[in-house]
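Me: Could you walk me through the binding site of this structure? I'd like to take it one question at a time.

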Amino acid sequence: MDGIQELEQMCVQIRKDIVRAIGGAGTGHIGGSLSIVEALVCLYFREMNVDPQNPQMADRDRLVLSKGHAGPALYAVLAEKGYFDRDWLDTLNEPGTNLPSHCDMLRTPGVDMTAGSLGQGFACAVGMAKAAKACGSPARVFAVIGDGESQEGSVWEAAMFAGAHRLDNLIAFTDYNNAQISGTVTEILTLEPLEDKWRAFNFAARTVADGNDVAQVAQAVEWAKEQDRPAMLILKTVKGKGVSFAEKAGVGSHSMTLTQDDIDEAYEELEARG
Ligand SMILES: Cc1ncc(C[n+]2csc(CCOP(=O)(O)OP(=O)(O)O)c2C)c(N)n1
Ligand SMILES: [Mg+2]
């Protein structure tokens with residue numbers, strides 16, 4: 001597939017920028033930001049019809065990061081795409097910042113929906129997809145939900161609506177890193193059989209064996225676009241992906257305080273890759 005190497009390099013840069021932002025803030029949601037990098041890079045640099053010079057462009061594609069606590073990952077991608085200066089990353093979560101820890105559409109150019117209260121963002125995405133159809137707009141809506149987030153009842157209410165209305169302009173992702181705030185998803189409340197659940201709600205569903213492999217994600221998006229109904233791509237990912245101490249922390253990587261040594265170590269590891 002064309003351009004995959006460039007996207008892989010981009011993922012390394014995005015991971016550095018996530019570490020930069022969270023390192024600057026001192027603490028933040030590093031695990032769930034690192035796990036979703038490939039999906040966001042694939043969307044913004046390969047798929048979405050957007051214009052950083054015109055963030056409110058009519059008929060643009062939308063992204064809803066329903067797991068809004070992973071804001072730093074989206075900010076790193078938006079900065080790289082040119083929505084705002086990368087120096088903004090150093091203001092993550094500071095008073096008065098344009099980059100709050102959770103996504104806020106009124107503060108950040110390029111953020112299409114406010115999120116952070118788990119389960120709400122996906123319902124908004126479904127409404128946006130329905131609205132696009134009602135207005136005859138070609139806009140597509142992409143949504144990213146967490147696996148822990150998928151335990152929220154509102155996710156399934158929205159899924160029922162999207163399936164019933166055959167919203168084929170909606171492509172959703174589950175970041176299946178099998179970790180939520182206080183344990184594994186398997187232990188706390190398993191989602192399985194997850195593909196079957198989404199199919200039962202009238203989605204086309206597919207599991208991506210390595211959701212941190214940009215080529216696999218890109219291929220899955222190609223598949224999703226051909227479906228005659230909303231699609232759910234279940235990405236098997238690693239929480240903290242790409243930064244060894246975060247990967248090793250597993251569930252503990254959900255929110256971490258980073259020392260200067262941690263930041264240096266993460267940078268060194270990522271620089272070695274790109
Ligand atoms: C309604 C609601 N309940 C609780 C929280 C607190 N919270 C923030 S992140 C999180 C865990 C989310 O786990 P998951 O969806 O698996 O996210 P990821 O692993 O991708 O970071 C929780 C419980 C919240 N933001 N919203
Ligand atoms: Mg998770």
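Me: How far does a polar side-chain atom of Asp147 lie from an oxygen atom of ligand 1?
Reply: Happy to help, and keep in mind that this is a predicted model. Asp147 is one of the residues that come nearest to ligand 1. The polar side-chain atom of Asp147 and the oxygen atom of ligand 1 are separated by 2.6 Å.

Me: What share of ligand 1 does the protein bury?
Reply: Side-chain N or O atoms also reach oxygen atoms of ligand 1 from Asn177, at 3.0 Å, and from Lys239, at 2.7 Å. Taken alone, ligand 1 exposes 600 Å². Of that area, the protein buries 77%.

Me: How many charged residues does the shell around ligand 1 have?
Reply: There are 18 residues around ligand 1. By class, the shell has 3 nonpolar and 9 polar residues. The charged residues number 6.

Me: Which residues coordinate the magnesium ion (ligand 2)?
Reply: The donors sit at 2.1 to 2.2 Å from the magnesium ion. Along the chain they follow the spacing D-x29-N-x1-A. With their atoms, they are Asp147 (OD), Asn177 (OD1) and Ala179 (O).

Me: How many residues apart are Asp147 and Ala179?
Reply: Asp147 belongs to the loop between strand 3 (141-146) and helix 6 (153-164). Ala179 belongs to the loop between strand 4 (170-176) and helix 7 (185-189). The pair thus links distant parts of the chain, and the separation is 32 residues.

Me: Is Asp147 buried or exposed, and what about Ala179?
Reply: Both residues are donors to the magnesium ion (ligand 2). The cut-off for buried is under 20% relative accessible area. By that criterion, Asp147 and Ala179 are both buried.

Conventions
Residues numbered from 1 in each chain as written. Chains lettered and ligands numbered in written order. Predicted model: local features only at pLDDT ≥ 70, side-chain atom pairs only at ≥ 80, totals over all residues. Heavy atoms only, no water. Near = heavy atom within 4 Å. Polar contact = N/O pair within 3.5 Å; in protein donor to acceptor, adjacent residues only side chain to side chain. Areas by Shrake-Rupley, 256 points an atom, 1.4 Å probe, with all protein chains shown as cover. Nonpolar A, V, L, I, M, F, W, Y, C, P; charged D, E, K, R; others polar. Donors = N, O, S within 2.8 Å, 3.2 Å for Na, K, Ca; no water. Helix = DSSP H or I, 4+ residues; strand = E, 2+ residues; numbered from the N terminus. Buried < 20%, exposed > 50% of the residue type's maximum accessible area, 1.4 Å probe, protein only.
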